[in-house]
Amino acid sequence: VRFVVDSMHGSLARWLRILGHDVAYLRDLDDRSILARVGAGSVLLTSDVQLFRRAIARGLSAHLVKGKSPSERLSRLAAALTIDLEVDLKRSRCPECGDVLRSIEKSAAGSRVPRMTYARYDDFWECTGCRKVYWQGAHWKRIRQTLAKARSQVKSIATRPVRL
Ligand SMILES: [Zn+2]
């Protein structure tokens, strides 16, 4: 697992999965159980300062999530941890469960998507875990816009003078 995300950040967990990262999204767990899930090579994402400090005190990797909008949270995360904010559908994971997606034949999606969707799109993916079917529908425009905005914000963070 690359990222361990606490219950506050379901949206961030979904974004990171779309970007292809292995994310454990933990709901209804106490701090001790959350910290136990942060293994070597994984990073805890939280905006709980106490939890963040406990993680750092234990020598774990952690990032304090800040920002008002999804793009701002993403850009701060990307700047701090050098994350690529481009979507590659070959790497994307299921935003719902985090499992790997695989491309499927259009005919295999036929009975599982709305008829209008089937008529309009040719490329479909299936989650190897929960079996949910995905396609690049109208909402992809918004996904790309949010990522483009986040990328431009990363640039402004990177060029901001460091305060000592
Ligand atoms: Zn899934």
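How many disulfides does the structure hold? Zero. Bear in mind that this is a predicted model. The cysteines to look at here sit around a zinc ion, which is coordinated by Cys94, Cys97, Cys127 and Cys130. Beyond the metal site, there is an open three-stranded antiparallel sheet, some parallel strand pairing around S3, and a couple of residues with positive phi.

**The zinc site**

- Each of the four cysteines gives its SG atom to the zinc ion, at 2.3 Å.
- The site is tetrahedral, with angles of 97 to 120° among the four donor atoms. For reference, the ideal angle for four tetrahedral donors is 109.5 degrees.
- Read along the chain, the donors have the spacing C-x2-C-x29-C-x2-C. Cysteine 94 and cysteine 127 are 33 residues apart, so to speak a link between distant parts of the chain: cysteine 94 belongs to the loop between helix H4 (70–81) and strand S5 (101–104), while cysteine 127 belongs to strand S6 (residues 124–127).
- Are the donors buried or exposed? Cysteine 94 and cysteine 127 are both buried. Cysteine 97 has a relative accessible area of 33%, so it counts as partly exposed. Cysteine 130 is also partly exposed, because its relative accessible area is 39%.

**The antiparallel sheet**

- Three strands make up an open sheet in the order S5-S6-S7, and their pairing is antiparallel.
- S5 and strand S7 (133–134) are the edge strands, each pairing on one side only.
- S6 and S7 run antiparallel and are joined by two bridges. Tryptophan 125 has tyrosine 134, in S7, as its bridge partner.
- S6 is also the strand that holds the zinc donor cysteine 127, so this sheet and the metal site share a residue.

**Parallel pairing around S3**

- Strand S1 (residues 3–5) runs parallel to S3, with three bridges between them. One pair to look up is valine 5 with its bridge partner leucine 45 in S3.
- S3 also pairs with strand S4 (residues 61–64), again in the parallel sense, over four bridges. Here valine 43 has serine 61, in S4, as its bridge partner.
- Getting from S3 to S4, the chain passes through helix H3 (residues 49–57), and this β-α-β crossover is right-handed.
- Which way do the side chains of strand S3 (residues 43–46) point? Val43 and Leu45 go one way, Leu44 and Thr46 go the other, and all are buried. In a regular strand, side chains alternate between the two faces of the sheet.

**Positive phi, no glycine**

- Threonine 82 has phi near 50°, a positive value in a residue other than glycine. Threonine 82 is found in the loop between H4 and S5, which is also the loop that carries cysteine 94. With a relative accessible area of 73%, threonine 82 counts as exposed, because the cut-off for that is over 50%.
- Arginine 131 is another residue other than glycine with a positive phi, this time near 70°. Arginine 131 lies in the loop between S6 and S7. Its relative accessible area of 42% makes arginine 131 partly exposed.

Key. Residues numbered from 1 in each chain as written. Predicted model: local features only at pLDDT ≥ 70, side-chain atom pairs only at ≥ 80, totals over all residues. Heavy atoms only, no water. Donors = N, O, S within 2.8 Å, 3.2 Å for Na, K, Ca; no water. Tetrahedral: all angles 85-135°; square planar, octahedral: opposite > 155°, others 65-115°. Buried < 20%, exposed > 50% of the residue type's maximum accessible area, 1.4 Å probe, protein only. Pairing = 2+ DSSP bridges. Disulfide = S-S within 2.5 Å. Right-handed = clockwise from strand over helix to strand, strands pointing away.
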